Amino acid sequence: MNARTIVTLVLVGLLTVLFVGAAQSQDDMVQLKADAFVTHTRPAAVFVHDEHNEKAGVEDCNACHHVYEDGKFMADDDSAGTACSECHMLKANGRQPGLMVAYHKQCKSCHEAEGKGPMACGQCHVK
Ligand code: HEC
Ligand code: HEC
Ligand code: HEC
Ligand code: HEC
């Protein structure tokens with residue numbers, strides 16, 4: 001092995017570690033703090049992804065990770081793994097609510113419909 005090969009191997013190794021380290025999974029998600037909000041005025045929202053969905057009995061990923069085409073909900077498609085902020089900007093855009101409203105509306109409308117789950121600020125934004 002020459003020096004150049006070794007340097008290349010070390011770089012590939014480092015990149016692999018960085019990439020795997022950065023790849024996120026929902027399994028260990030316990031709270032939501034979207035980087036897209038430049039400053040946070042509230043504590044991060046409690047959301048233990050897998051446990052929440054199990055307790056709530058939500059099986060379809062697209063109940064939250066939706067996909068719309070021409071304003072139509074795509075029942076067989078989902079956007080799991082894509083952050084809400086990839087599509088929802090801070091400001092609303094047509095029928096697409098701004099990021100904070102998107103979260104609030106999605107979380108609270110289901111809690112309201114189910115008659116279960118937190119509705120008050122401090123129950124989600126727990127200090
Ligand atoms: C059902 C849970 C839930 C409830 C209830 C709730 N929020 Fe949130 N809120 C969230 C989530 C989820 C986010 C997005 C994640 C984050 O904080 O970055 C968020 C984001 C925010 C943000 C933007 C980020 C920040 O920290 O500045 C503000 C402001 C906010 N909420 C205020 C409130 C206020 C005020 C209330 C009560 C009127 C409230 N929320 C009730 C879940 C909730
Ligand atoms: C009750 C709503 C809800 C349901 C149902 C749901 N998720 Fe999520 N999931 C979220 C939210 C909210 C986030 C955070 C999105 C963000 O960062 O903007 C998230 C994040 C993720 C992430 C990214 C993890 C990370 O750390 O960034 C993956 C992957 C994911 N979900 C997969 C799934 C899969 C697969 C399903 C179906 C088995 C599913 N989700 C069902 C709400 C939900
Ligand atoms: C791939 C892009 C995309 C992603 C990712 C996405 N959305 Fe949306 N969302 C849209 C579009 C487009 C609309 C407008 C739909 C219409 O035309 O009525 C919308 C509408 C909404 C609405 C209003 C309609 C409704 O369903 O009540 C809420 C609330 C919402 N999104 C919340 C979220 C949340 C929370 C996340 C992350 C878990 C998320 N969205 C992820 C594209 C996206
Ligand atoms: C599709 C319906 C649905 C959506 C969407 C939803 N929830 Fe829930 N949530 C529930 C139900 C049902 C419960 C009550 C579960 C039980 O019986 O304990 C719950 C309970 C909770 C609890 C109490 C602790 C727990 O994990 O049981 C928190 C915190 C919570 N939700 C946060 C959120 C946040 C934050 C969002 C938005 C990112 C959200 N939920 C979106 C249905 C939903």
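**Three ligands and the histidines around them**

Let me begin with the iron atom of ligand 2, whose protein donors are H49 and H65, each offering its NE2 atom and lying 2.0 Å from the iron. These two residues link distant parts of the chain, since H49 belongs to helix α2, which covers residues 49-56, while H65 lies in the loop between α2 and β3 (68-69), and the two are 16 residues apart. Please keep in mind throughout that what we are looking at is a predicted model.

What arrangement do the six donor atoms around the iron atom of ligand 2 make? The angles they subtend run from 87 to 179°, and the arrangement is therefore octahedral.

We can also ask of each of these two histidines whether the residue is buried or partly exposed. H49 has a relative accessible area of 13%, and because buried means under 20%, H49 is counted as buried. H65, with a relative accessibility of 24%, counts as partly exposed. If we leave aside the neighbours within four places in sequence, H49 is in contact with Q26, M29 and H65, so that the list includes its partner at the iron atom of ligand 2, H65.

Let me now move on to ligand 3, whose iron atom is coordinated by H66 and H88, again through NE2 atoms and at 2.0 Å. This pair, too, links distant parts of the chain, with H66 in the loop between α2 and β3 and H88 in the loop between α3 (84-87) and α4, 22 residues apart. The site of this iron atom is octahedral, with angles of 86 to 179° among its six donor atoms. As for accessibility, H66 is partly exposed at 27%, whereas H88 is buried, with a relative accessible area of 12%.

Looking at the surroundings of ligand 3 as a whole, there are 16 residues around it, and those that come nearest are H66, C84, C87, H88 and R95. A polar side-chain atom of H66 lies 2.7 Å from a nitrogen atom of the ligand, and for H88 the corresponding distance to a nitrogen atom is 2.8 Å. The side chain of R95, by contrast, has an N or O atom 2.9 Å from an oxygen atom of ligand 3.

That leaves ligand 1, which has 21 residues around it, with T41, H104, C121, C124 and H125 coming nearest. Which kinds of residue make up this shell? They divide into 12 nonpolar, six polar and three charged residues.

Three side chains are worth pointing out here. The side chain of H104 places an N or O atom 2.8 Å from a nitrogen atom of ligand 1, T41 has a polar side-chain atom 2.7 Å from an oxygen atom of the ligand, and H40 has a side-chain N or O atom 2.9 Å from an oxygen atom of the ligand. The elements that give two or more residues to this shell are α4 (99-114) and α5 (121-124), and α4 gives the most, with six residues.

I would like to finish with H40, which is found in the loop between β1 (31-32) and β2 (45-46). H40 is partly exposed, with a relative accessible area of 35%. Apart from neighbours within four places in sequence, H40 is in contact with K33 and A34, and its side chain reaches the backbone oxygen of A34 at 3.3 Å.

Terms used. Residues are numbered from 1 along each chain as its sequence is written. Chains are lettered from A and ligands numbered from 1 in the order in which they are written. This is a predicted model: local features need pLDDT of at least 70, side-chain atom pairs count only at pLDDT 80 or more; totals for chains, interfaces and linings use all residues. Side-chain values use heavy atoms; hydrogens and water are left out. A residue is near a molecule or strand if one of its heavy atoms lies within 4 Å of it. A polar contact is a pair of N or O atoms within 3.5 Å; within protein, one must be able to donate a hydrogen and the other to accept it, and residues adjacent in sequence count only if both atoms are side-chain atoms. Helices (H or I, at least four residues) and strands (E, at least two) are DSSP runs, numbered from the N terminus. Ala, Val, Leu, Ile, Met, Phe, Trp, Tyr, Cys and Pro count as nonpolar, Asp, Glu, Lys and Arg as charged, and the others, Gly among them, as polar. Donors are N, O and S atoms within 2.8 Å of the metal (3.2 Å for Na, K and Ca); water is not among the atoms, so sites may look incomplete. Four donors count as tetrahedral if all angles lie between 85 and 135 degrees; four count as square planar and six as octahedral if opposite donors are over 155 degrees apart and all others between 65 and 115; anything else is irregular. Buried means under 20% relative accessible area, exposed over 50%, partly exposed in between (1.4 Å probe, protein chains only). Contact means heavy atoms within 4.5 Å.
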